[in-house]
Protein chains: 2
Amino acid sequence: MAQTSEPSGKVIVVDWGTTSLRAALVSPAGKTIEFVENGCGIQFIADRKFEPELLKTVGPWLKTHGKLPVIASGMITSRNGWVEVPYISCPARVVDLAEGTVRRRLSNGSELFLLPGLTDRSRRPFPDVMRGEETQIVGFGLQRPATIVLPGTHSKWAKVETGQIAKFQTFVTGEIFALLSQHSFIAKTAGEASATANWPAFERGVNVAKNMLDADAAFLTQLFSARTGMLANELGPEDIRDFISGVLIGNEFREAQCCGWTEAGQKIGIVGNDGLNERYSRAANLFELFPTEGGDQAVVAGALEIYSALRQSAVEVA
Amino acid sequence: MAQTSEPSGKVIVVDWGTTSLRAALVSPAGKTIEFVENGCGIQFIADRKFEPELLKTVGPWLKTHGKLPVIASGMITSRNGWVEVPYISCPARVVDLAEGTVRRRLSNGSELFLLPGLTDRSRRPFPDVMRGEETQIVGFGLQRPATIVLPGTHSKWAKVETGQIAKFQTFVTGEIFALLSQHSFIAKTAGEASATANWPAFERGVNVAKNMLDADAAFLTQLFSARTGMLANELGPEDIRDFISGVLIGNEFREAQCCGWTEAGQKIGIVGNDGLNERYSRAANLFELFPTEGGDQAVVAGALEIYSALRQSAVEVA
């Protein structure tokens with residue numbers, strides 16, 4: 001297999017999180033040519049052996065196409081990752097993210113670009129943080145004002161204004177769902193997880209969150225409705241998992257509304273690759289919002305845009 | 001060991017929940033003479049062998065004192081327990097609980113009294129339920145109007161009015177704390193659980209819940225502050241567990257306030273035996289409430305009061 005040291009214009013974009021590693025081989029036109037995803041999230045990498053793991057995953061592409069630049073974002077740039085890249089503060093432009101990028105050279109000669117995460121210092125009680133989602137938001141587009149939700153273990157709501165990521169807020173919705181569905185009283189009563197969502201149960205849960213009067217609005221009470229609904233013969237074992245998913249995502253929308261992120265009648269961008277977009281889209285509809293799905297190419301588009309800004313800047317290779 | 005069939009006036013009170021069995025040998029004057037507690041909660045009893053388990057625990061007292069009446073409450077009367085005793089509806093008086101009691105005869109000749117749980121059909125989206133806490137509320141006293149909280153895996157807030165348990169509401173605070181502290185991102189960063197509470201961290205967490213402005217009040221966001229507080233070097237590993245306990249209990253108080261259970265300046269009764277009373281008492285103080293601890297004898301006092309009403313009624317042994 002011939003190795004070339006000439007740049008082919010292709011790049012590799014890596015979205016490396018806590019639980020998974022996703023890599024895309026991308027054409028000069030920004031099209032994903034090949035894609036791999038595996039479970040080698042940073043929490044599973046022993047002795048900080050990040051480079052061997054990366055080369056195992058993208059090595060075949062480097063062998064075929066030469067020393068392609070590798071652009072990485074996500075928890076790989078955190079304290080527990082490869083290199084801790086300092087957060088950029090909101091409001092942030094693409095050029096700010098480019099300037100905060102850290103460069104390394106891989107053993108094969110490829111340049112590695114570690115994109116920075118973002119912090120919103122206006123949040124209480126402590127500054128909020130994201131790593132990876134800022135790249136997806138850039139990929140969704142900073143040209144027009146927008147409210148964006150990025151569903152996940154720790155969902156993010158963000159505002160795009162004047163070509164910047166203006167501010168954002170985290171909701172740990174996915175984490176609570178995982179805990180409740182795997183380890184709680186709900187796990188004991190729920191039926192087997194199904195490949196297809198039980199949409200009526202999900203939407204019923206969203207509506208519980210949406211329609212609660214203030215006097216009954218307690219989140220900690222609504223979670224108990226998975227049990228009381230069974231006792232009242234209103235919910236069956238086959239409903240519980242999606243019903244509680246709906247209650248949780250509905251509460252995220254309700255809280256986001258209370259915190260000023262949305263109002264009924266507004267558009268909302270849904271950006272993500274965690275298989276949650278349809279749930280968020282349906283919840284958005286029930287909250288009278290107009291959802292636009294950002295697709296799963298936002299990471300690639302965002303990484304390329306930051307990389308492009310970086311190449312236009314005067315920053316030298318370290 | 002002489003067995004007598006004459007009533008000695010003593011009784012056995014059993015508080016039998018999902019995870020533990022507590023039994024008290026009680027004098028005619030209502031004083032606990034002996035007490036045992038073990039981990040034989042109903043979820044651990046195979047093949048519905050409730051009677052053998054009960055006799056293993058209280059058998060020595062029956063041998064010594066004869067066929068004492070056994071008065072039991074808690075999840076032992078649920079669908080997964082010994083006998084499913086129908087719920088009594090709120091508002092409920094002591095006599096209503098007495099009338100809903102189910103009697104059985106144990107193999108040694110003792111009478112077993114299974115006290116009913118309570119349902120509040122006014123709750124949304126489904127009627128709320130309790131089993132065991134109603135007995136503790138009766139023990140705390142129905143003579144004077146009161147707001148009572150019973151801390152636990154599934155905390156209950158209840159109103160006593162005109163000699164009745166008027167209404168109540170469940171908050172799954174303890175369940176969420178257990179999940180977060182055992183299985184979540186918090187479990188990974190928290191230090192070892194300590195025998196003594198870290199009260200400054202706990203009270204800081206309660207205050208996060210209390211002092212949030214509406215624009216930052218999202219519960220699903222506050223939970224993330226365990227991570228952002230670490231990143232901001234505001235919290236250490238030794239703080240996380242009690243900080244998040246404070247955030248959760250603080251949110252329970254905040255939600256209870258929103259739902260109309262309390263207002264600043266009011267008295268509140270704290271009744272329970274789950275080792276949480278000091279936490280709830282401190283949280284109550286931070287929310288400007290005046291807590292009164294109900295002590296751990298409420299189950300015994302309540303069971304005796306319902307039993308006494310039952311003996312005065314005309315209900316015959318089944």
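**Note on the two-chain model: symmetry and the chain B sheet**

1. Chain A can be laid on chain B by a turn of 180° and a shift of 0.0 Å along the axis, with an RMSD of 0.0 Å. This is the relation of a two-fold axis. The model is a predicted one, and the values here should be read with that in mind.

2. In chain A, the C-alpha nearest the axis belongs to A:L179, which lies 3.1 Å from it. Both copies use the same surface: of the contact residues of chain A, 100% recur in chain B.

3. Chain B holds an open sheet of 6 strands in the order β3-β2-β1-β4-β7-β6, and the pairing is mixed. Its edge strands are β3 (32-38) and β6 (102-105) of chain B, each of which pairs on one side only. From one strand to the next the twist averages 20°.

4. Helix α11 of chain B (residues 298-312) packs on this sheet. The helix touches β1, β2, β3, β4 and β7 (111-114) of chain B, and its direction makes about 120° with that of β1(B).

5. Strand β1 of chain B covers residues 11-16, and 6 of its 6 residues are buried, so the strand is largely enclosed by the rest of the structure. The cut-off behind this is 20 or more other C-beta atoms within 10 Å of the residue's own.

6. In a regular strand the side chains alternate between the two faces of the sheet. In β1(B), the residues B:V11, B:V13 and B:D15 point one way, while B:I12, B:V14 and B:W16 point the other way. Both sets are buried, B:D15 and B:W16 included.

7. On one side of the order, β1(B) is followed by β2(B). These two strands run antiparallel and are joined by 6 bridges, with β2 of chain B spanning residues 21-26. B:V11 stands opposite B:V26 of β2(B), and a hairpin through 4 residues connects β1(B) to β2(B).

8. The pairing of β2(B) with β3(B) is also described by 6 bridges, and the two strands run antiparallel. Within this pair, B:L25 is opposite B:E34 in β3(B).

9. With β4 of chain B (residues 70-73), β1(B) pairs in the parallel sense over 4 bridges. Here B:I71 in β4(B) is the bridge partner of B:V13. Strand β1(B) thus has an antiparallel partner in β2(B) and a parallel partner in β4(B), in keeping with the mixed pairing of the sheet.

Technical notes:
Residues numbered from 1 in each chain as written. Chains lettered and ligands numbered in written order. Predicted model: local features only at pLDDT ≥ 70, side-chain atom pairs only at ≥ 80, totals over all residues. Buried ≥ 20, exposed ≤ 12 C-beta atoms within 10 Å, placed from the backbone. Pairing = 2+ DSSP bridges. Axes fitted to C-alpha atoms, helices over the stretch in contact; angles between N-to-C directions. Contact = placed C-beta atoms within 7 Å. Least-squares fit on C-alpha atoms with pLDDT ≥ 70 in both.
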